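Work through the exercises below with the sequence and the coordinates open. Each task is followed by a solution in steps.

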Amino acid sequence: MNRQISRDRSLEELEHDRWPAPSGEATRLVATVHALRRKPLVALTVEDLRVLIRQDVGLVHVLPLALEVLRKHPMADGDLYEGDLLSAVLTRQPEVWRGSPELVRDLCMIVSELADPPSPVRQEASRFLARHAADGSDSGA
């Protein structure tokens, strides 16, 4: 997962996968995700990253970007609450992290250094650390 990405390109371009336009009956979330897939990575906001990550869209490209944000601002927030980006990242399924031990290590370090996170983030961080502490990376080794 940790590879050089072309930040001036969109997820559609990077994945070589253009989704059809959402139907007129699509929810606002579906329309938003479709629009975000066409946005250059460099233009994605914290909220954009949070939405894409919560929807498991483009994770191979957006998780490294989210970790860059979280290294500088662990409690960065989108439109929901302080730490909502961290919460989105922490709650991805374990298989998402396979093959990315460096991101797991970085995320473990970030959460272990949190001084006093809000209760939901603290609980998610504890679960993440417990899940990934067994082998240090959840790489299946």
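**Exercise 1. Establish how far helix α3 is covered, and by what.**

Step 1. Helix α3 is mostly covered, with seven of its nine residues buried. Buried means under 20% relative accessible area, exposed means over 50%, and partly exposed lies in between (1.4 Å probe, protein chains only). Helices (H or I, at least four residues) are DSSP runs, numbered from the N terminus.

Step 2. The buried residues of α3 are E47, D48, L49, R50, V51, L52 and I53.

Step 3. These buried residues pack against α1 (11-15), α2, α4 and α5. Contact here means heavy atoms within 4.5 Å.

Step 4. Just after α3, D56 has a positive phi of about 55°.

Before going on, note the basis of the values: the model is predicted, local features need pLDDT of at least 70, side-chain atom pairs count only at pLDDT 80 or more, and totals for chains, interfaces and linings use all residues. Residues are numbered from 1 along each chain as its sequence is written, and side-chain values use heavy atoms, with hydrogens and water left out.

**Exercise 2. Describe the packing of α3 on α4.**

Step 1. The two axes, of α3 and α4, come within 10 Å and cross at roughly 135°. Axes are lines fitted to C-alpha atoms, for helices over the stretch in contact, and angles run from 0 to 180 degrees between N-to-C directions.

Step 2. This makes α3 oblique to α4. Angles under 35 degrees count as roughly parallel, over 145 as roughly antiparallel, 65 to 115 as roughly perpendicular, and the rest as oblique.

Step 3. The crossing of α3 and α4 is left-handed. A crossing has that hand if the near helix is turned anticlockwise from the far one by less than a right angle, and is right-handed if clockwise.

Step 4. On the α3 side the contact is made by V46, L49, L52 and I53, and on the α4 side by L59, V62, L63, L65, A66 and V69.

Step 5. The residues of this contact of α3 with α4 divide into ten nonpolar, no polar and no charged. Ala, Val, Leu, Ile, Met, Phe, Trp, Tyr, Cys and Pro count as nonpolar, Asp, Glu, Lys and Arg as charged, and the others, Gly among them, as polar.

**Exercise 3. Do the same for α7 and α8.**

Step 1. Helix α7 (residues 101-112) packs with helix α8 (residues 119-133) at an angle of about 135°, the axes being 10 Å apart.

Step 2. Helices α7 and α8 are therefore oblique to each other, and their crossing is left-handed.

Step 3. V104, L107, C108 and V111 of α7 make the contact with A125, F128, L129 and H132 of α8.

Step 4. Sorted by type, the residues of the contact of α7 with α8 are seven nonpolar, one polar and no charged.

**Exercise 4. Which parts of the chain does the salt bridge between R50 and D84 tie together?**

Step 1. The closest N and O atoms of R50 and D84 are 3.8 Å apart, which is a salt bridge. The rule asks for a side-chain nitrogen of Lys or Arg within 4 Å of a carboxyl oxygen of Asp or Glu. The count by this rule comes to nine salt bridges.

Step 2. R50 lies in helix α3 (residues 46-54) and D84 in helix α5 (residues 84-90), so the pair ties together parts 34 residues apart in sequence.

Step 3. R50 counts as buried at 10% relative accessibility, and D84 is buried with a relative accessible area of 0%.

Step 4. E47, R50 and D84 are linked in a network of salt bridges.

**Exercise 5. Compare the burial of the partners in two further salt bridges, R92 with D56 and R71 with D106.**

Step 1. R92 and D56 meet at 2.9 Å, N to O. R92 is in the loop between α5 and α6 (94-97) and D56 in the loop between α3 and α4 (59-72), 36 residues apart.

Step 2. R92 counts as buried at 7% relative accessibility, whereas D56 counts as partly exposed at 43%.

Step 3. For R71 and D106 the closest N and O atoms are 2.6 Å apart. R71 lies in helix α4 and D106 in helix α7, so the pair ties together parts 35 residues apart in sequence.

Step 4. R71 is partly exposed, with a relative accessible area of 42%, and D106 counts as partly exposed at 24%.

Note on methods. Helix = DSSP H or I, 4+ residues; strand = E, 2+ residues; numbered from the N terminus.
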